[in-house]
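Q: Please take a close look at one part of this structure, the open sheet, and describe how its strands pair and how the rest of the chain relates to it.

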Amino acid sequence: MIGLDVQCPQCRRVMHTTTPLYNPEKTAKGNMVELLPKWKKRGWRTFYGGGGGTTPAAAMQCPHCSGRLAPSGKLRIKPAPVPELTQAQKNQAIIDESFKLEPEPQAQDVQQKIRAQDTIFTCESCGRQIRGIVGFKSHEKACKVANNG
Ligand SMILES: [Zn+2]
Ligand SMILES: [Zn+2]
């Protein structure tokens, strides 16, 4: 696995990325990580002493705080951030939720229409909150025209 952020468990800085040799099942070794380009450019090596790539987990130190990168023998990978939904995606999620299909199609259909009528939508352009999908859709159109003109 390549390009994962390796986080120091002590100072929480990310100064290394994983190399193709990284295997989360195996005990960490020096050649599983590579310094990020900005530190590498300064002429820093991934590990000082300990034979570089073969540095054992116990000797893998954070260049910032000198803490151990893999105190348990395993590297700590920083979880990828969850992307924020745009307002358009949030609105779409509300619409999807309102129109979700469930067993009894007919009775369900009426309920969905009622729910969609009562749902509050937020306009992406002006932030106004509009009740009901019909009103929201027409506002959204008018609002976009107004903002472009
Ligand atoms: Zn550190
Ligand atoms: Zn608007």
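A: Strand S2 (residues 14-18) and S3 run antiparallel and are joined by three bridges, where strands are DSSP runs of E with at least two residues, helices are runs of H or I with at least four, both numbered from the N terminus, and two strands count as paired if DSSP finds at least two bridges between them. This is a predicted model, in which local features need a pLDDT (the predictor's confidence in each residue, from 0 to 100) of at least 70, side-chain atom pairs count only at pLDDT 80 or more, and totals for chains, interfaces and linings use all residues. Residues are numbered from 1 along each chain as its sequence is written, while chains are lettered from A and ligands numbered from 1 in the order in which they are written.

Between S2 and S3, threonine 18 stands opposite valine 33, and histidine 16 stands opposite leucine 35. Histidine 16 also has valine 6 opposite it, in the antiparallel pairing of S1 and S2, which likewise comprises three bridges. The hairpin of S1 and S2 has six residues between the strands, and there arginine 12 takes a positive phi near 65°.

Together these strands form an open, antiparallel sheet of three strands in the order S1-S2-S3. S1 and strand S3 (33-35) are its edge strands, each pairing on one side only. On average, neighbouring strands of this sheet are turned by 45° against each other, direction ignored, with axes taken as lines fitted to C-alpha atoms.

Valine 6 also leads beyond the sheet, for it is among the residues touched by leucine 69, along with Cys8, Met60, Gln61, Cys62 and Leu75, when residues up to four places away in sequence are not counted; contact here requires C-beta atoms, placed from the backbone, within 7 Å. Leu69 is in turn one of the residues touching the most other members of the largest nonpolar core, which has 13 residues; such a core is a set of buried Ala, Val, Leu, Ile, Met, Phe, Trp, Tyr and Cys residues joined through C-beta atoms within 7 Å. Buried residues, those with 20 or more other C-beta atoms within 10 Å of their own, make up 15% of the 149 residues in the protein chain.

As for confidence, strand S1 (residues 5-7) has the highest mean, at 95, whereas helix H3 (residues 105-118) has the lowest, at 71.

Key. Buried ≥ 20, exposed ≤ 12 C-beta atoms within 10 Å, placed from the backbone. Contact = placed C-beta atoms within 7 Å. Axes fitted to C-alpha atoms, helices over the stretch in contact; angles between N-to-C directions.
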